[in-house]
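Dear colleague,

I am passing on the structure we spoke about, with the sequence alongside. Please have it open while you read the notes below.

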Amino acid sequence: MAGETGAGDSPSIRMMALLYGSIVGRLVSVVAEFGVADLCADGPRDVDDLAAAVDADPDTLHRMLRALAGAGVFSEVAPRTFALTELAATLRRDVPGSMRDHARNWGSSEYLHTIVGLGGTLRTGRPSFDTHHGVDWWSYLGAHPRRAQVFDRAMGNRARQIGAAAVAACDLSGVRRLVDVGGGQGHLVAAVVDRYPGIHAVVYDRPDVVAGAPEVVGERAEAVGGDFFTSVPPGADCYVLSSVLHDWEDDDAVTILRTVRAAMDPAGRLLVLETVLPEGDEPHMGKLLDVLMLALVGGRERTEREYAALLERADLRIERIVPTATPVGVLVAAPA
């Protein structure tokens with residue numbers, strides 16, 4: 001079809017399409033912020049009606065939705081009339097698989113400035129966020145609680161998908177007590193207790209973060225505040241680190257692992273939920289996420305070999321890696 005690009009196009013045309021593709025992510029963030037997907041929940045909507053409902057310019061909204069429809073996000077089922085697609089449905093709020101808050105977070109000025117500053121990161125190896133804002137990401141969130149709420153909700157979107165996939169892939173039937181270290185507001189633990197109601201589960205994170213856990217897990221799990229650089233709740237036979245280690249450089253990640261290792265029983269296990277990067281040229285979402293982690297917080301995604309070396313420094317070893325239905329795998333680690 002005219003206007004599409006494919007393997008038969010020249011390298012220059014394919015590069016142009018790659019460059020223009022960055023606009024798609026920004027458009028997704030914009031329509032997520034305006035809540036357009038929720039307005040299409042009951043069926044196709046005329047763009048003029050949509051624009052009136054969200055206080056937008058009708059022609060501009062039409063052009064944005066038309067561009068997104070070309071990427072499979074929304075479908076123009078009749079002239080100036082749009083319906084949800086499977087991708088667009090993920091931008092609805094409070095539905096299974098919702099990524100609305102994740103999209104809103106991705107489109108924030110903080111993230112955009114971080115991406116724009118990648119040239120500085122390339123020169124220095126340091127996070128562009130710190131250079132632009134004068135503080136690190138975690139200090140910034142601490143000083144901006146409303147921004148932190150958006151981030152926490154976005155991480156909740158991600159944690160629900162990762163948690164459900166990990167619980168489906170791993171057999172936790174023999175687990176008595178589980179501690180989710182850096183567990184945010186408890187979305188992963190909620191997936192655990194949904195499937196294994198007999199597990200005594202603990203959500204462990206900074207006090208200001210776990211304050212929101214009761215809204216997610218209710219009385220089905222315990223919420224404990226603390227600092228995983230210094231201690232974690234002892235006595236569990238299963239510890240979880242989900243999307244935690246990728247936030248940190250190797251030395252800091254080893255400190256976290258050693259803290260968990262000190263709390264583990266000899267027969268205990270640690271489940272590390274992270275993207276495990278493939279070697280070579282194989283495409284993987286984690287290779288893009290790796291660049292974001294570098295620019296935002298100075299963290300990194302890792303290969304299996306790199307995780308094995310990291311765990312070895314904390315007196316832990318990888319027993320096996322369990323694939324899930326997401327790009328995240330589960331590294332099952334035991335005391336060395």
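The notes below take up the surface, then the cysteines, and then the interior.

Please keep in mind throughout that this is a predicted model, and that the values quoted here are computed from it.

On the surface, there is a nonpolar patch made up of Ile13, Met15, Met16, Leu18, Leu19, Tyr20 and Ile23, which together present about 730 Å² of accessible area. Helix H1, which covers residues 11–20, contributes the largest share of this patch, namely 6 residues. One of the patch residues, Leu19, has its place in helix H1, and with a relative accessible area of 56% Leu19 is classed as exposed, because the cut-off for that class is over 50%.

Turning to the cysteines, you may wish to know how many disulfides a search of the whole structure finds. The search returns 0. For Cys238 the distance explains the absence of a bond: the closest cysteine sulfur, that of Cys170, lies 8.4 Å from the sulfur of Cys238, which is too far for a bond, because a disulfide requires the two sulfur atoms to be within 2.5 Å. Cys238 is also buried, at 3% relative accessibility, and Cys40 is likewise counted as buried, with a value of 2%; the limit for the buried class is under 20%.

In the interior, the structure contains 1 cavity of 30 Å³ or more, and the volume of the largest cavity is about 70 Å³. Its lining consists of Gly163, Ala166, Val167, Cys170, Leu172, Leu178, Leu188, Val192, Val240, Leu271, Leu273 and Val330, so that Cys170, named above as holding the sulfur closest to that of Cys238, is also one of the residues lining the largest cavity. Three elements each supply at least two of the lining residues, namely helix H12 (145–169), helix H13 (187–195) and strand E8 (269–277), and among the contributors H12 gives the most, with 3 residues.

Helix H12 is also the place of Arg160, which counts as partly exposed at 35% relative accessibility, because this value falls between the limits of 20% and 50%. Although Arg160 and Ala191 are 31 residues apart along the chain, their C-alpha atoms are separated by 7.3 Å.

With kind regards

Definitions and conventions. Residues numbered from 1 in each chain as written. Predicted model: local features only at pLDDT ≥ 70, side-chain atom pairs only at ≥ 80, totals over all residues. Heavy atoms only, no water. Patch = residues over 30% accessible without salt bridge, like charges linked within 9 Å, V, L, I, M, F, W, Y side chains within 5 Å. Areas by Shrake-Rupley, 256 points an atom, 1.4 Å probe, with all protein chains shown as cover. Salt bridge = Lys/Arg side-chain N within 4 Å of Asp/Glu carboxyl O. Helix = DSSP H or I, 4+ residues; strand = E, 2+ residues; numbered from the N terminus. Buried < 20%, exposed > 50% of the residue type's maximum accessible area, 1.4 Å probe, protein only. 1 Å grid on protein atoms, 1.4 Å probe; cavity = no way out; pocket = protein on both sides within 12 Å on 5 of 7 lines; lining within 4 Å. Points joined across faces, edges and corners; volume = space filled by probe spheres on them.
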